[in-house]
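Let's walk through this structure together, moving from its strands to its helices and then out to the surface. Keep the viewer open as you read.

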Amino acid sequence: MSRYPLIKFVIVFIIGLVIQNYFNFTLQHLFIFTASLFAISILMHFLSKESIASIISFYILITSAAMLYLSISNLNKTEYPFEEEKIRKVFVIGIVEDIQLMRSGSVRFTGKLVSVIKDENEIETNEKFLVRIFDKQERLNPIYEKLKIGNEFQIKGTLQKGRGERNPGEFDYQNYLAGQGIAGLVNCYKADDFIITNDESNLFNNIVFSARKSIDKKNKEFHLPKTAALLKGLLLADRGDVDFETREMFVNSGVIHVLAVSGLHVGFIVLIFLFLFTRLNIYLRYVLTIFGLIFFVILTNSPPSVFRASIMAIIV
């Protein structure tokens with residue numbers, strides 16, 4: 001342990017995360033407690049650096065900081081707002097906030113709901129839901145081509161809660177959605193039940209999405225479906241088309257992390273840009289490489305792993 005001093009701090013930090021996960025203390029109380037501990041730790045450091053009390057107060061401060069961090073991280077976490085877990089035949093009105101790349105047999109996007117209408121009763125809401133439209137591919141293509149971020153839409157379908165943990169250790173889909181700020185699902189099984197009622201759009205977000213869509217389309221034109229699905233995951237951080245069999249092969253061979261766009265891929269991007277700009281002035285080369293990294297982050301929809309790795313590459 002003395003050779004790796006950081007390990008003990010990591011262990012204490014993890015203990016704080018576990019405590020907050022089970023007891024869920026309020027953000028206000030944690031902020032006051034952590035601020036008080038910080039002041040006490042600073043005071044004790046100046047009064048008696050090597051005393052046991054000073055060391056203990058520092059470890060408690062790290063634990064408290066971990067609890068505060070988890071509490072802040074959960075601020076975006078949302079809950080399913082309706083009593084019924086599944087509400088059939090509802091009309092939903094909302095605004096498109098983000099669009100996923102086309103999958104076989106479905107169009108998916110995140111929508112901020114404005115109102116839900118069931119049996120002529122209208123319920124106003126302000127939650128984000130994942131909207132999924134299932135139908136034949138030829139009926140979905142016109143929707144996918146026309147849909148833009150910022151559009152107002154109306155859809156008829158089933159509003160429901162995501163599947164929870166049915167057995168110990170099983171994947172909790174609803175908890176996963178909640179962590180992304182998504183309250184539940186809206187499923188539509190007929191393309192004709194989806195209407196764009198207002199085609200206002202967000203210019204910047206749609207430029208980014210159009211670039212992603214264009215790359216995905218060219219990728220599918222030039223490669224076989226399995227290869228295109230893998231390249232889509234590696235280039236655009238979207239593994240939606242990677243089939244179960246391929247995932248299992250990666251898992252069994254111990255290289256599933258290759259499918260997660262992260263530091264390795266960012267490293268390759270840096271090398272490619274440095275090679276392309278190798279004849280330029282060193283400062284100009286680095287500036288252009290940094291802009292290239294920022295573009296890559298935006299193009300992949302800035303998942304945490306890419307964002308983190310790109311920040312480190314830019315700092316270096």
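Two strands count as paired if DSSP finds at least two bridges between them. With that in mind, a good place to begin is β5, where the bridge partner of V92 is I155. Please remember throughout that this is a predicted model.

That residue pair belongs to a longer match. Strand β1, residues 86-99, and strand β5, residues 152-160, pair in the antiparallel sense, and eight bridges hold the register between them. β1 also pairs with strand β2, which covers residues 106-118; here too the sense is antiparallel and the number of bridges is eight. So that you can find the β1 and β2 pairing on screen, try two positions. F91 stands opposite I117 in β2, and D98 stands opposite T110 in β2.

How does the chain get from β1 to β2, and how many residues lie between them? The two strands form a hairpin with six residues in between. Within that turn, G105 has a positive phi of about 85°.

Now follow β2 to its other partners. Strand β3, residues 121-124, runs antiparallel to β2 and is joined to it by four bridges. I117, which we met opposite F91, has E122 as its bridge partner in β3. β2 and β3 form a hairpin as well, with two residues between them, and in this turn D119 has a positive phi of about 50°. Strand β4, residues 128-134, is another antiparallel partner of β2, joined to it by seven bridges. On that side, R108 stands opposite R132 in β4.

Let's turn to the helices. Helix α3 runs over residues 52-73, which gives it 22 residues. From its first C-alpha to its last it reaches 32 Å, close to the 32 Å expected at 1.5 Å a residue. Several residues of α3 are buried, among them S54, S57, L61, M67 and L68. What do the buried residues of α3 pack against? Their neighbours are α1 (6-23) and α2 (27-47). It helps to recall that an α-helix has 3.6 residues a turn, so residues three or four places apart point the same way.

Next, look at the outside. A nonpolar surface patch of about 760 Å² is made by L6, V10, I14, V18, Y22, F23 and F25. V10 sits in helix α1. Is V10 buried or exposed? It falls in between: V10 counts as partly exposed because its relative accessible area is 41%, and that class lies between the cut-offs of 20% and 50%.

Finally, zoom out to the whole chain. It contains eleven helices and seven strands, and its C-alpha trace spans about 75 × 60 × 40 Å along the principal axes. Of the 316 residues, 34% are buried. Among contacts with a separation of 6 or more, 68% come from residues 24 or more positions apart. The chain exposes about 20000 Å², with carbon and sulfur atoms supplying 62% of that area.

Conventions: Residues numbered from 1 in each chain as written. Predicted model: local features only at pLDDT ≥ 70, side-chain atom pairs only at ≥ 80, totals over all residues. Heavy atoms only, no water. Expected span 1.5 Å × (residues − 1). Buried < 20%, exposed > 50% of the residue type's maximum accessible area, 1.4 Å probe, protein only. Contact = heavy atoms within 4.5 Å. Patch = residues over 30% accessible without salt bridge, like charges linked within 9 Å, V, L, I, M, F, W, Y side chains within 5 Å. Areas by Shrake-Rupley, 256 points an atom, 1.4 Å probe, with all protein chains shown as cover. Salt bridge = Lys/Arg side-chain N within 4 Å of Asp/Glu carboxyl O.
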